[in-house]
Amino acid sequence: MKELLLCLTVFAASTLAFADGFTAFSQSPDGAHLVLIGPGKLPIEAPKYADQVGFSKPQISADGKYVGWLALYPNCSTSYPIPLRLVVLDASRQLHSFEGIQLATFDWCFLPRAAEVAFTQTTVHGSNFQHFERHTIADERLLATYEYPHEDDENALARKRAPKWVRCVPEFSK
C-alpha cells in the first residue's frame with residue numbers, strides 16, 4: 001500500500017508541476033532533442049514517435065497550457081529529415097498528433113484561442129500548392145481546410161481570399 005501511495009504522490013507531483021503551464025523549452029543544436037520546462041523548473045524530454053529523428057519549430061501557446069513542435073522523419077528523396085507531423089503536448093502530458101493529408105508540414109501556429117492549431121502542408125519541392133488545416137487540440141477534430149492551388153493565377157487569388165485563421169500560419173506571408 002505504501003508503494004502505491006508513493007507512486008501516486010510522485011505522479012501527482014509531476015503532473016502538478018505542469019498544471020500552470022509550460023514556460024520554456026530548449027532544443028539541442030542538431031534538433032535531435034527537445035527539453036520542456038514547466039513553472040516548477042522541472043525539465044522533461046519531449047517524447048519522440050517511432051522513426052522520428054528530430055524536432056523543429058517548437059512553440060508554447062500564449063496561455064502556457066500547450067507546447068508543440070514539428071516531428072522530423074528521414075526521407076529517401078532528400079538529404080535532410082522532413083516534418084511530417086505536428087505534435088502538441090498538453091499540461092497533463094497527453095500528446096495530440098496532426099498529420100493532415102500526409103504531406104510535409106512546414107509551418108504551424110497556435111490560434112488566438114490557444115486550444116486550436118493551424119498548419120500548412122505541401123510537397124517537398126516544385127509546387128506552389130499549399131494545404132492548410134485548422135484543428136481543436138483536445139479532441140484533434142478537424143475544423144476547416146483551405147488550399148492554395150498549384151497554378152500561379154489561382155494561387156494569388158486564393159491567398160487574397162484566405163480566411164483569417166490561415167493568416168496565423170507564418171508560411172502564409174511567403
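Let me begin with a term: a residue is called exposed when its relative accessible area is over 50%, and in this model, which is a predicted one, Cys76 is exposed, with a relative accessible area of 82%.

Staying with cysteines, what does a search of the whole structure find in the way of disulfides? The search finds 1 disulfide, and the bond joins Cys109 to Cys168 with an S to S distance of 1.9 Å. Cys109 lies in strand S8, residues 104-110, while Cys168 is in the segment after helix H2, residues 152-160, so the pair ties together parts that are 59 residues apart in sequence. As for the surroundings of the two ends, Cys109 counts as buried at 5% relative accessibility, whereas Cys168, at 25%, counts as partly exposed.

From Cys109 I can move to Glu116, because Cys109 is among the residues in contact with Glu116 once neighbours within four places in sequence are left aside. Glu116 is found in strand S9, residues 116-122, and, with a relative accessible area of 8%, Glu116 is buried. Which side chain does Glu116 meet in a polar contact? The partner is Arg134, and the contact between the two side chains is 2.7 Å. Arg134 also appears in the contact list of Glu116, which includes Phe110, Leu111, His135, Thr136, Ile137 and Leu143 as well.

Now to the aromatic rings, where a search of the whole structure finds 5 aromatic pairs. One of them is formed by Phe132 and Tyr148, which meet edge-to-face at 4.9 Å centre to centre, with 65 degrees between the planes. This pair links distant parts of the chain, with Phe132 in strand S10, residues 130-136, and Tyr148 in strand S11, residues 142-148, 16 residues apart. Are Phe132 and Tyr148 buried or exposed? Phe132 is buried, and so is Tyr148.

Tyr148 also pairs with Tyr146, again edge-to-face, at 6.1 Å centre to centre and with 90 degrees between the planes; both Tyr146 and Tyr148 are buried. Elsewhere, ring pairs link Tyr66, Trp108 and Phe110 into a cluster, and Phe110 is a residue we have already met, as one of the contacts of Glu116.

Finally, there is an interaction between a charge and a ring to look at on the screen: the charged end of Arg85 sits over the ring of Tyr49, at 4.0 Å from the centre of that ring.

Notes: Residues numbered from 1 in each chain as written. Predicted model: local features only at pLDDT ≥ 70, side-chain atom pairs only at ≥ 80, totals over all residues. Heavy atoms only, no water. Disulfide = S-S within 2.5 Å. Helix = DSSP H or I, 4+ residues; strand = E, 2+ residues; numbered from the N terminus. Buried < 20%, exposed > 50% of the residue type's maximum accessible area, 1.4 Å probe, protein only. Polar contact = N/O pair within 3.5 Å; in protein donor to acceptor, adjacent residues only side chain to side chain. Contact = heavy atoms within 4.5 Å. Phe/Tyr/Trp six-rings, centres within 6.5 Å; stacked < 30°, edge-to-face > 60°. Lys NZ or Arg CZ within 6 Å of the ring centre and 35° of its normal.
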